[in-house]
Amino acid sequence: MLWWLLGGLALLAALLYWQFILTEGVYLGRRMVVWLYDLGAKTYDGVKDYDADDEAYYLGEPLAGRLAGQPQARVLDVATGTGRLPLALFQQPPFQGVVVGLDASKGMLEQASAKLADYWERVALIHHDATRLPFPDDYFDAVTCLEALEFLPDPFTSLTEVVRVLKPGATLLITNRVGLDRLFFPRRTTSTTAFIHHLTSLGLTDIQPQTWMTYYDLVWAVKSNQ
Ligand SMILES: C[S@@+](CC[C@H](N)C(=O)[O-])C[C@H]1O[C@@H](n2cnc3c(N)ncnc32)[C@H](O)[C@@H]1O
């Protein structure tokens with residue numbers, strides 16, 4: 001009897017760990033995800049402990065490079081969180097454009113607002129869900145979405161939205177979850193091959209996956225001109 005009880009408790013603990021820690025509430029619905037991010041917003045950057053050089057090397061410099069020749073470029077960062085991508089881009093002097101950061105968590109956006117205070121004239125932070133983007137078709141010179149797709153209510157609808165608001169010829173920078181960790185996200189992630197196939201079916205070309213972190217690849221792509 002005791003063993004059954006202990007086994008049941010261990011199973012429950014594992015289930016809770018999977019639901020709340022490993023997958024950050026995503027199988028419990030959008031409200032739970034946003035609530036957890038609101039709750040952890042103040043400590044988020046401390047936990048992530050970003051390295052400024054890595055942020056520049058992997059994100060800021062290559063994105064600014066792709067936007068070279070478009071000094072007034074308009075960039076959208078979907079699920080911007082605490083503003084990590086806008087900051088990395090603003091720290092590149094050749095980039096003189098504007099960034100819209102969209103997120104469903106007010107807590108995360110408050111952190112972003114404080115972090116991006118020096119760039120307030122060039123950044124707009126919007127509290128909105130990523131399922132439907134409140135922008136016209138073909139509007140942005142680049143769209144980014146980092147470490148977020150698998151947490152959105154419908155990752156594949158959001159991906160379609162992301163492509164819709166990209167201008168033809170514009171750059172997409174997105175992450176794909178990889179490694180063993182992907183197994184914790186059934187129906188929310190795909191292999192890199194399937195991800196590339198999906199991006200191709202949405203009209204993206206020049207798709208280049210790039211090894212980035214243990215659990216994420218970066219994927220660069222360009223929206224077809226046709
Ligand atoms: C792991 S964080 C990544 C944040 C940021 N992109 C980065 O790389 O640091 C995931 C973000 O997705 C946001 N998010 C989750 N569900 C969302 C939704 N339905 N619409 C918009 N943002 C959402 C969360 O609030 C959180 O800021």
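**Strand pairing, a kinked helix and the ligand shell**

Strands 6 and 7 form a hairpin, with four residues between them. The model described here is predicted. Strand 6 covers residues 204-211 and pairs with strand 7 in the antiparallel sense, over six bridges. In this pairing, Trp 220 of strand 7 is the bridge partner of Gln 208. Strand 7, residues 216-223, also pairs with strand 5. That pairing is antiparallel too and runs over seven bridges. Here Leu 218 of strand 7 is the bridge partner of Thr 175.

Strand 5 also takes part in the packing of helix 3. The buried residues of this helix pack against strand 5 (166-177), strand 4 (140-145) and helix 4 (84-90). Buried in helix 3 are Leu 59, Gly 60, Leu 63 and Ala 64. The helix spans residues 52-66, 15 residues in total. From its first C-alpha to its last it reaches 20 Å, close to the 21 Å expected at 1.5 Å a residue. Helix 3 nevertheless has a kink of about 35° at Gly 60. The kink lies shortly before the proline Pro 62. Gly 60 is thus both the site of the kink and one of the buried residues.

The ligand has 20 residues around it. Of these, Ala 79, Gly 81, Ala 104, Ser 105 and Ala 130 come nearest. Helix 2, residues 30-48, gives the most to this shell, with four residues. By character, the shell divides into twelve nonpolar, five charged and three polar residues.

Conventions:
Residues numbered from 1 in each chain as written. Predicted model: local features only at pLDDT ≥ 70, side-chain atom pairs only at ≥ 80, totals over all residues. Helix = DSSP H or I, 4+ residues; strand = E, 2+ residues; numbered from the N terminus. Expected span 1.5 Å × (residues − 1). Bend = angle between axes of the 7 residues up to and from the residue. Buried ≥ 20, exposed ≤ 12 C-beta atoms within 10 Å, placed from the backbone. Contact = placed C-beta atoms within 7 Å. Near = placed C-beta within 6 Å. Nonpolar A, V, L, I, M, F, W, Y, C, P; charged D, E, K, R; others polar. Pairing = 2+ DSSP bridges.
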